[in-house]
Amino acid sequence: MDYKDRLMHKCHSIIITGKVQDIGFRSIVEHIGRSFGLPGFVFNSKDGSVNILCSGEDTVIDNFKQEIKARGTENGAEIAGIKEQTLSININLPENFTKASADDDIDIGRKLDKANLLLKTGFNNLNTDLNAGFNKLTDMLGTFIVEQKVYTRGQQEHNTRLEAILEKLANK
């Protein structure tokens, strides 16, 4: 990139707020950034937002933000806001847009905590569902046993009548 191109490309700081962490949002942004050919990177902030530092022409950056909003929403992000600021300095950014992974340990820990909570909730619901299922099965089995007793009594009466008929035939 020559000097003239660098003058056209301004550095931008973009902060995306909402439910944008723990859903693979940085990977989506990374993919979009690469498809636009932007130099820069994306990372999670401790406040729950996702931050982007990139450079490009204003129109390209506007299209980049629109694509982030559209694709992020399609993939489960709940974007509350996108705040963009043009920086007064030019930063030498990575040529291939990338996601910063310095916070991956924290990110993994947060995801494991969520998974544990989901498992606990899921097992509690599973126990409730299993108990309800067993109760229903017990009721059905009780009904079946009552029906079998009625059927058995009817069968016994039928057998008694058959024996009486057989006895009469044998005596003739």
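User: Is Lys65 buried or exposed?
Analyst: Lys65 is buried in this predicted model. Its relative accessible area is 17%, and the cut-off for buried is under 20%.

User: What does Lys65 form a salt bridge with?
Analyst: One partner is Glu84, and the closest N and O atoms of this pair are 3.2 Å apart. Glu84 sits in strand S4 (residues 78–86) and Lys65 in helix H3, so the salt bridge links distant parts of the chain, 19 residues apart.

User: How accessible is Glu84?
Analyst: Glu84 counts as partly exposed, at 27% relative accessibility.

User: Which residues make up the network there?
Analyst: Asp62, Lys65 and Glu84 are joined into one network by salt bridges that share partners.

User: How many salt bridges are found in the whole structure?
Analyst: The search finds 5. One of the pairs is Lys10 with Asp58, whose side chains meet at 3.2 Å, N to O.

User: Where do Lys10 and Asp58 lie?
Analyst: Lys10 is in strand S1 (residues 10–19) and Asp58 is in helix H3 (residues 58–74). The two are 48 residues apart in sequence, so their salt bridge ties together separate parts of the chain.

User: And what are their relative accessible areas?
Analyst: Lys10 has 37% and is partly exposed. Asp58 is partly exposed too, with 34%.

User: What about Arg34, which residue does it form a salt bridge with?
Analyst: Arg34 pairs with Glu30, with 3.5 Å between the closest N and O atoms. Both are in helix H2 (residues 25–35), and because they are 4 residues apart there, about one helical turn separates them.

User: Buried or partly exposed, for each of those two?
Analyst: Glu30 is buried, with a relative accessible area of 15%. Arg34 is partly exposed, with 45%.

User: Staying in helix H2, how accessible is Arg26?
Analyst: Arg26, which lies in helix H2, is buried with a relative accessible area of 7%.

User: Which backbone oxygen lies 2.8 Å from its side chain?
Analyst: That of Ala100. The distance runs from this oxygen to a polar atom of the Arg26 side chain.

User: Switching to the sheet. What is the strand order?
Analyst: The order is S4-S1-S3-S2-S5, in an open sheet of 5 strands with mixed pairing. S4 and S5 are the edge strands, each pairing on one side only.

User: How many bridges join S1 to S3?
Analyst: There are 7, and the two strands run antiparallel. Within that pairing, Ile16 stands opposite Val50 in S3.

User: And how many join S2 to S3?
Analyst: S2 and strand S3 (residues 50–56) are joined by 5 bridges and also run antiparallel. Gly40 stands opposite Cys54 in S3.

User: In which sense do S2 and S5 pair, parallel or antiparallel?
Analyst: Parallel, over 2 bridges, with S5 covering residues 98–99. Val42 has Lys99 as its bridge partner in S5.

User: Which side chains of S2 are buried?
Analyst: Gly40, Val42 and Asn44 point to one face and are buried. Phe41 and Phe43 point to the other face and are not buried, giving an alternating pattern along S2 (residues 40–44).

User: What about the hairpin of S2 and S3, how many residues lie between the strands?
Analyst: There are 5 residues between the strands, and Gly48 takes a positive phi near 95° in this hairpin.

User: What does the side chain of Ser45 make a polar contact with?
Analyst: Ser45, found in the loop between S2 and S3, makes a polar contact with the side chain of Asp47 at 3.1 Å. Leaving aside residues up to four places away in sequence, Ser45 touches Gln21 and Asn51.

User: Last topic. Which residues form the nonpolar patch on the surface?
Analyst: Leu162, Ile165, Leu166 and Leu169 form it, and together they have about 390 Å² of accessible area.

User: Where is Leu162, and how accessible?
Analyst: Leu162 is in helix H4 (residues 104–171). Leu162 counts as partly exposed, at 38% relative accessibility.

Definitions and conventions. Residues numbered from 1 in each chain as written. Predicted model: local features only at pLDDT ≥ 70, side-chain atom pairs only at ≥ 80, totals over all residues. Heavy atoms only, no water. Salt bridge = Lys/Arg side-chain N within 4 Å of Asp/Glu carboxyl O. Buried < 20%, exposed > 50% of the residue type's maximum accessible area, 1.4 Å probe, protein only. Pairing = 2+ DSSP bridges. Polar contact = N/O pair within 3.5 Å; in protein donor to acceptor, adjacent residues only side chain to side chain. Contact = heavy atoms within 4.5 Å. Patch = residues over 30% accessible without salt bridge, like charges linked within 9 Å, V, L, I, M, F, W, Y side chains within 5 Å. Areas by Shrake-Rupley, 256 points an atom, 1.4 Å probe, with all protein chains shown as cover.
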